[in-house]
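Morning, everyone. I have one structure to go through today, and I will keep to a few parts of it. Please have a look at it first.

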Amino acid sequence: MTGTTGAPHRLDPTTARRLAVRAQRLEATRPTDLVGLVRDLDLLQIDPTAAIAPNADLVAWSRLGGSYRPSDLVEALEHDRTLFELDALIRPIDALELLRPEMASFPEWPRSRTWLEQNDDFRRDVLKLLEGAREPLPSRDIPDTSAVPWESTGWTHDRNVGRMLEFLALRGEVAIAGRRGRERLWTLAERVYPTAGAANGRALTVEAATAERNARRLSSLGIARAKSTKMPLEPIDVGITGEPAVVDGVPGEWRVDPVLLEGLRDEASGPPFEGRTALLSPFDRLIYDRKRALQLFGFEYTLEMYKPAAKRRWGYYALPILSGDRLVGKLDAKADRAAGVLVVNAVHEDVPFDRATRRAVDDEIASLAEWLGLEVARRDVS
């Protein structure tokens, strides 16, 4: 997708929202293939919080519906190797070639580079152990032979084995072969990735890889800023890829995917937009950029799991509610697996629901409970 700098497209807010919803595969016609879905979404973020379900599974369910099983994701990651995990993100295996240039120069930060140099014997010990191991190892089975401990004011302080494994993964020397519960299992990268060199025979420069990653990100978002606040794990901006656009009533310029935009504007190029109701993860890419969600959807959202209960407005792990091309509320719910119920504490309506919206939300709650193998227990009604 070649970036252009011509006259910007002028979008009404409805078109802008529908562009974002279509890009995130949240229309009425659901995708049917997990790997294809991850390719369209660009990534699935891993988060251990399972108040309802782990993020990657919840995002997949919200698109694929009840046919999705978490075992499908395990199969793709650990057996088919059509997906891979790196730095708390799951990507299609063909995205690996776009990360290799960055791997070759990792780490850029002087402190991390110095620590690796000081612990080169430790690095060699880890690689030798993994090479000789019959099967992938959890970090607890890898001895800490560091010469210099990792220092941090955060949770990584003195967690030398974990820090070394994560650095080696970002360098492309080791890889996550699978998980045992939440515990990652490590092995040499060549045993997980299709080749030790560039995939498909391409050796991309950092600039070319970044441009293609930006293009894929824009395709998954539909509409995004060229520059934005730096975010952990994965950027939310897309550089100059795509084409410029402005949205009525929203300040500043955006970048849009021209193919998706043409499909929305011209029914000969794509099907008409048909929305549906969906319950989204708090980490869902439709609302992950909170500023974009506020500007395009008028949707305010904060993940409140780290707030004291008395200060929460919407709940510990409230699920944003999508209705058509609008974000209309939040679902405060929790999966109580011991009791066998999905507890619905509240449905917060950002705008008053009409009867059809309320019925659609109730149906989606029932579908979520069925997928989880739970019964619905409502505390929001007397």
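I will go through a sheet, then two hairpins, then a pair of helices. Keep in mind that this is a predicted model.

Let's start with the sheet. In what order do the three strands of the open sheet run? The order is S2-S4-S3, and the pairing is antiparallel. At the edges sit strand S2, residues 44-45, and strand S3, residues 83-86, each of which pairs on one side only. Strand S4 covers residues 89-92, and its antiparallel pairing with S3 has four bridges. To find the register on your screen, take Glu85: its bridge partner in S4 is Ile90. There is also a helix on this sheet. Helix H5, residues 96-105, packs there and touches S3 and S4. The direction of H5 makes about 25° with that of S3.

Now go further along the chain, to strand S13, residues 326-336. How many of the eleven residues of S13 are buried? Eight are, so I would call the strand mostly covered. S13 pairs with strand S12, residues 319-323, in the antiparallel sense, and five bridges join them. One register point here is Leu322, whose bridge partner in S13 is Leu327. S12 and S13 make a hairpin with two residues between the strands, and Gly324 in that hairpin takes a positive phi near 65°.

S13 also pairs with strand S14, residues 341-349, again antiparallel, over eight bridges. For the register, look at Ala335, which has Leu342 as its bridge partner in S14. This is a hairpin too, with four residues between S13 and S14. Which residue in that turn has a positive phi of about 75°? That is Gly340.

Last item, the helices. Helix H6 spans residues 110-118 and helix H8 spans residues 160-170. Their axes come within 12 Å and cross at roughly 110°. Angles of 65 to 115 degrees count as roughly perpendicular, and H6 and H8 are therefore roughly perpendicular to each other. Which residues make the contact? From H6 they are Ser112, Trp115 and Leu116. From H8 they are Asn160, Arg163, Met164 and Phe167. Sorted by class, the contact of H6 with H8 has four nonpolar residues, two polar and one charged.

To recap the strands: S13 pairs with S12 over five bridges and with S14 over eight, while S3 and S4 pair over four. That's what I have.

Technical notes. Residues are numbered from 1 along each chain as its sequence is written. This is a predicted model: local features need pLDDT of at least 70, side-chain atom pairs count only at pLDDT 80 or more; totals for chains, interfaces and linings use all residues. Side-chain values use heavy atoms; hydrogens and water are left out. Two strands pair if DSSP finds at least two bridges between them. Contact means heavy atoms within 4.5 Å. Axes are lines fitted to C-alpha atoms, for helices over the stretch in contact, and angles run from 0 to 180 degrees between N-to-C directions. Buried means under 20% relative accessible area, exposed over 50%, partly exposed in between (1.4 Å probe, protein chains only). Angles under 35 degrees count as roughly parallel, over 145 as roughly antiparallel, 65 to 115 as roughly perpendicular and the rest as oblique. Ala, Val, Leu, Ile, Met, Phe, Trp, Tyr, Cys and Pro count as nonpolar, Asp, Glu, Lys and Arg as charged, and the others, Gly among them, as polar.
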